[in-house]
Amino acid sequence: MWPQMAASFHNHTNPQDMWYVLIGIPGLEASRIWISISICCMYTVAVMGNIFLIFLIMTESSLHESMYLFLSMLALADVLLSTATAPKMLAIFWFHSMDISFGSCVTQMFFIHFIFVAESAILLAMAFDRYVAICYPLRYTTILTSSFIGKIGIAAVVRSFIICIPFIFLVYRLTYCGRYIIPHSYCEHMGIARLACDNINVNIIYGLTVALLSTGLDVVFIIVSYAMILLTVFQIPSWPARYKALNTCGSHICVIFMFYGPAFFSFFAHRFGGKTIPHHIHILVANFYVVVPPMLNPIIYGVKTKQIQDRIILRFSAISTYILYLRMKSHHDISNGSIEFTPATFTLVGIPGLEAEHIWISIPFFLIYIIIFLGNCIILHIIRIDPALHQPMYFFLAMLAFVELGVSASTMPTVLGIFLFCIHSISFRGCLLQMFSMHFFTLMESGVLLAMSVDCFVAIYSPLHYTTMLTIRCITGMSTTIALRSVILMCPLLFLLKGLPFCGNNTLTHSYCLHSDLIKLPCADTHPNSILGLFVITSTFGLDSLLIMVSYLLILHTVLGIASGAGHWRALNTCVSHICAVLLYYVPMISLSLLHHFRQHVSPLLQTVMANIYLFFPPVVNPIVYSIKPKEIRNSIVRMLSRKSGEV
């Protein structure tokens, strides 16, 4: 495979046309499966451990101190660092997915260096925190205020961005001519630069300067801070007091050694041990470096820090008590007339204030459902029968149509039941099922829109590799990932809600069951539900919208590099339908979120109308937009209709 790729890439000097091969760990091909299993396990522990640590610090008010806020920053950096590298490493080891485009390689390089420099700054901030806590304990809370900690976090991010952004320009300025194999499992600055046929002295000098002025300087300041801590501690007359003071630094010192130890080993081994240390040892250390510290950091802080240890024990004891309570409930009904653990039914409302006009309101809703089902089914049918539409763009469009059918099918029984037949009640299990299916499909829709933006980006950025990148296997993998993400995020919400006791008022404020509505009814603490719901929204809609914006910024950057004005328009014209779909989806959602935020000053009628617009407007308009705008679908519909009329 590699010689064929070399022939196709030979003499390419345009970085946008370059593709590389990451070969993993050369020399250890026979052990890949065992290495991949260990990396997968460590990555899973790292992500779960650090997310749990962030969740614990966010939800426990006793941990809202500077030390733990810095720890939450470190945990976030660990999650990002391991996520920027481990998935591609596992794809290489498991699926032999070794190829990577130049743009993707540079993006991974930037995030790896950016997060590394930011994490180094966070460790320096934690050393400063320990210095203030031991040397100036009485002024600790007045010096390290929340605003000051926020400024330190912003400064760490800004410094990392300013330091690492030149790496992108330094690799883009080089000329590449045929060498495409990177003997590593992920992309880093010098690994890319060494493939160029230009002089890379500037890259080497800047890389060393960054290492010395960022990481090196951070290490010097950390050493200085601990030297001052030791001077202060040795002035304490009591040995137990000395031990107690130093014990607060134990976790941080362990993390420092784990972070900087492998980094310095790799740095000095590359420069002074190139011939004595085998190359596969360098790569193996680099691979484990991005997963081992992120895995061990939450374990160390969970074991060494008493406050976190106590919070973890308290949290798990509360969970075990709750589980015991549920088991007791299964044998002894705890309802006492005013409280019922699982209500028999919920009451749904239509449009408040317009109950007398429900029969007339049912007519437009009925027509809306007809348009949704006809329009999206036609899109699916056209894409299925027309071989010319068996392309990635239209496969993603078929997914969008299917998801919108799912959203509409989830709400139709209760909406039409209320407006047509005045059926306002829904069973507890039916309500949970509707909530799950509706939110499941809306989360999927956000993921599909992100996948469609990736499709637009690839089509414009690398049109020659469009069909080779977005293969059927790749599209299937993306759709499966989107569906699994929705299931994994929705299941905890379902189980948390199912275990709550509900009080007498079981009336919801919409024509369908929403999670935000349901968590207002229980007579128990619903903070875990609210926090988990906020996490789901942030990690799906928030992250997806951010990545969509990034993809369109990259698209604009690519389009502006096209010389002709006609080329600009033709490239952007391929994305118009998707931009309309994104606006139709996110604008009503943002408007609805703002209305919920200021709900005290907004009438319930306006909130209900906006919620209905958010759910019904995109499925109605999207098939119309995609039927009119893309020429291929329009022509296919015309051919189908003309064929039908000919048969008649």
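The following legends describe close-up views of a predicted model.

**Figure 1. Confidence along the predicted protein chain.** The mean pLDDT of the protein chain is 80, with 86% of its residues reaching 70 or more. Among the elements of the chain, helix H6 (residues 146-172) has the highest mean pLDDT, 92, whereas helix H1 (residues 2-9) has the lowest, 40. The pLDDT is below 50 over residues 1-12, a stretch that has 22 contacts in the model beyond near neighbours in sequence. Residues 330-340 also have pLDDT below 50, and this stretch has 12 such contacts. Where pLDDT is low, the predicted coordinates should not be read in detail.

**Figure 2. Helix H16 and its enclosure.** Helix H16 comprises 34 residues, numbered 428-461. At 1.5 Å a residue, the expected span is 50 Å; the end C-alpha atoms of H16 lie 49 Å apart, in agreement with that value. Because 29 of the 34 residues of H16 are buried, the helix is largely enclosed by the rest of the structure.

**Figure 3. Surroundings of Gln434 in helix H16.** Gln434 has a relative accessibility of 6% and therefore counts as buried. Residues up to four places away in sequence being left out, Gln434 touches Ser410, Thr411, Thr414, Ile426, Tyr512 and Cys513.

**Figure 4. Leu518 in helix H19 (residues 515-518).** Leu518 has a relative accessible area of 0% and is thus buried. Not counting residues up to four places away in sequence, the contacts of Leu518 are Phe346, Cys431, Leu432, Met435, Leu497, Phe502, Leu508 and Cys513. One of these, Leu508, is 10 residues from Leu518 in sequence, with a C-alpha to C-alpha separation of 7.2 Å.

**Figure 5. The aromatic pair Phe365 and Phe616.** The structure holds 23 aromatic pairs. In the pair shown, the ring centres of Phe365 and Phe616 are 5.4 Å apart and the planes meet at 80 degrees, so the arrangement is edge-to-face. Phe365 belongs to helix H14 (residues 358-385) and Phe616 to helix H23 (residues 604-628), so the pair ties together parts that are 251 residues apart in sequence. Both partners are buried: Phe365 has a relative accessibility of 8%, and Phe616 a relative accessible area of 4%.

**Figure 6. An aromatic cluster and a charge over a ring.** Phe110, Phe111, Phe114 and Phe161 are linked into a cluster by ring pairs. Elsewhere in the chain, the charged end of Arg139 sits over the ring of Tyr136, at 5.7 Å from the ring centre.

**Figure 7. The environment of His252 in helix H10 (residues 250-272).** With a relative accessible area of 3%, His252 is buried. The side chains of His252 and Tyr226 are joined by a polar contact of 2.6 Å. When residues up to four places away in sequence are not counted, His252 touches Leu123, Met126, Ala127, Tyr226 and Tyr301.

**Figure 8. Ile537 in helix H20 (residues 527-560).** Ile537 counts as partly exposed at 46% relative accessibility, a value between the cut-offs of 20% for buried and 50% for exposed. The C-alpha atoms of Ile537 and Leu443 are separated by 8.7 Å, while the two residues are 94 residues apart along the chain.

Technical notes
Residues numbered from 1 in each chain as written. Heavy atoms only, no water. Helix = DSSP H or I, 4+ residues; strand = E, 2+ residues; numbered from the N terminus. Expected span 1.5 Å × (residues − 1). Buried < 20%, exposed > 50% of the residue type's maximum accessible area, 1.4 Å probe, protein only. Phe/Tyr/Trp six-rings, centres within 6.5 Å; stacked < 30°, edge-to-face > 60°. Lys NZ or Arg CZ within 6 Å of the ring centre and 35° of its normal. Contact = heavy atoms within 4.5 Å. pLDDT = per-residue confidence, 0-100. Polar contact = N/O pair within 3.5 Å; in protein donor to acceptor, adjacent residues only side chain to side chain.
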